[in-house]
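User: Please take a close look at the strands in this one and tell me how they are put together. After that, I'd like to hear how this part sits within the rest of the chain.

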Amino acid sequence: MGKIAEKRFPATPKRRQEARKKGQVLKSQELTSALLLLVLVGMLKFWLPKVFDRLAELFNHVNALIQQNQQWDVATISKVMIEVSWQSLLALGPIFLVAFVTAVAVNFLQVGPLFTLEPLKPQISRLSPIQGLKRMFGIRALVQLAKSILKVIVIGYFLYDVVRDNMEVFPVLQRVNVFESLTLVSEVLFELAWKIAVAFLIIAIGDFLYQWWEYEKNLRMSHQDIKEEFKQTEGDPQIKARIRKQQRMLATRRMMEDLKKADVVITNPIHYAVALKYDPSKFDAPYVVAKGQDQLALRIKTLAAEYGIVVVENKPLARSLYTQVELGQVIPEDLYKAVAEVLAFVYKINKRKQYSTA
């Protein structure tokens, strides 16, 4: 009971897609059979008189052939068989065609386009006696038994009802010819068939609702199922976190290598540090080669001192550059003047260093 209660979440689209690939779809065979019976009854009601007419023509035609050919040979027998087969096909073919189209259409509307061989693959669980007993005495087996009993009751009731309402018809059959007898009997049979077909359709709708309930119940997922699916789809969060950490480390390492190219490092001085490089052959304006906050800012300043890069303290400029400009991007136009002043100051310092060294 604990395991069943645990699966209280509806199936995800991925779970439904996987179940569909395995052939686990919402389908009621009772609905297919009921609609097929209903269509066939309607088809026979319309087509049966034409079938009788064709059969009468066929008998007359065969009788004429018999009269014309007193001695039967292989050619005559073949001709008669071909004619009988063709006329039978014309009489019964539309009935079989309608039945086939109806069965395919109803199944397609329930299942949709699907082709899979998964249900045909051998499964060890099917050989298990315990699983076999569960199938024999489970809820599904009880439902199938209840449907069968209900069908027998429906057929018995309507058979009794139709016979009771048409008791006056049966004595009349003794006083009419064969054609009239067939007409009377067919009317009684069609009345019985209609009532049974409609009753079976009502049973089939109930079965479809049950199949839908069972289908959804079997697809339910536990919290652990959803978690595992998320891991398979999106990846393990811990692994993704480690990957992101590695990516940040690599990006930081590359940034620190690019820091060697910087012309100046502008600081907050504690919270922000942004390294700029001006290369006219690459960009028309200075661009950011490294930036960091807090501990990373401190590391940038330390490395700048090691590389001999000038560090300039300018709180508003450092904050603006850090928040507005990403790595590798040029500075915005509204910061041109402030950055130009800093670079001019840096170039003066560098020239003094060169003169003093010389």
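Analyst: Let's start with the basics, then go through the strands, and end with the helices elsewhere.

Keep in mind that this is a predicted model: local features need pLDDT of at least 70, side-chain atom pairs count only at pLDDT 80 or more, and totals for chains, interfaces and linings use all residues. Residues are numbered from 1 along each chain as its sequence is written, and side-chain values use heavy atoms, with hydrogens and water left out.

The chain has 13 helices and four strands. Both are DSSP runs numbered from the N terminus, with at least four residues (H or I) for a helix and at least two (E) for a strand.

Now for your strands. The four of them form one open sheet in the order E3-E2-E1-E4, with mixed pairing. At the edges sit E3 and strand E4 (310-313), each of which pairs on one side only. On average, neighbouring strands here are turned by 20° against each other, ignoring direction. Angles like this come from lines fitted to C-alpha atoms (for helices, over the stretch in contact) and run from 0 to 180 degrees between N-to-C directions. Two strands count as a pair if DSSP finds at least two bridges between them. As background, strands of a sheet pair through backbone hydrogen bonds, either parallel or antiparallel.

Let's look at two of those pairings. Strand E2 (residues 272-277) runs antiparallel to E3, and six bridges join them. E2 is also antiparallel to strand E1 (residues 264-267), this time with four bridges. A handy residue to click on is Ala-275: its bridge partner in E3 is Ala-290, while Val-265 stands opposite Ala-275 in E2.

How enclosed is strand E3 by the rest of the structure? Six of its seven residues (287-293) are buried, so E3 is largely enclosed. Buried means under 20% relative accessible area, exposed means over 50%, and partly exposed is in between (1.4 Å probe, protein chains only).

Which helices go with the sheet? Helix H11 (residues 295-307) lies across E1, E2, E3 and E4, and runs at about 125° to E3. Helix H12 (residues 315-324) packs on the sheet as well, touching E1, E2, E3 and E4, with its direction at about 75° to that of E2. Contact here means heavy atoms within 4.5 Å.

Stepping back to the whole chain, 29% of its 358 residues are buried. Among contacts with a separation of 6 or more, 75% are between residues 24 or more positions apart. You can see that kind of long reach away from the sheet too: Ile-202 and Leu-31 are 171 residues apart in sequence, yet 9.0 Å apart in space, C-alpha to C-alpha. Ile-202 belongs to helix H8 (residues 178-219) and is exposed, at 57% relative accessible area.

There are also twelve salt bridges in the whole structure, where a salt bridge is a side-chain nitrogen of Lys or Arg within 4 Å of a carboxyl oxygen of Asp or Glu. One of them joins the side chains of Glu-30 and Lys-151 (2.6 Å, N to O). Glu-30 is in helix H3 (residues 29-68) and Lys-151 in helix H6 (residues 139-165), so the pair ties together parts 121 residues apart in sequence. Glu-30 is buried at 15% relative accessible area, whereas Lys-151 is partly exposed at 22%.

A salt bridge between Glu-191 and Lys-195, with closest N and O atoms 3.4 Å apart, stays inside helix H8, where the two are four residues apart, about one turn. Both belong to a network of salt bridges that also links Asp-161, Arg-164 and Asp-165.

Last stop is helix H4 (residues 74-111), where you'll find Phe-100. Phe-100 is exposed at 56% relative accessibility, and together with Leu-97, Val-101 and Val-104 it makes a nonpolar surface patch of about 400 Å². Patches are built from residues with over 30% relative accessible area and no salt bridge, joining like charges within 9 Å and nonpolar side chains (Val, Leu, Ile, Met, Phe, Trp, Tyr) within 5 Å. Accessible areas come from the Shrake-Rupley method with a 1.4 Å probe, and for residues only the protein chains shown count as cover.
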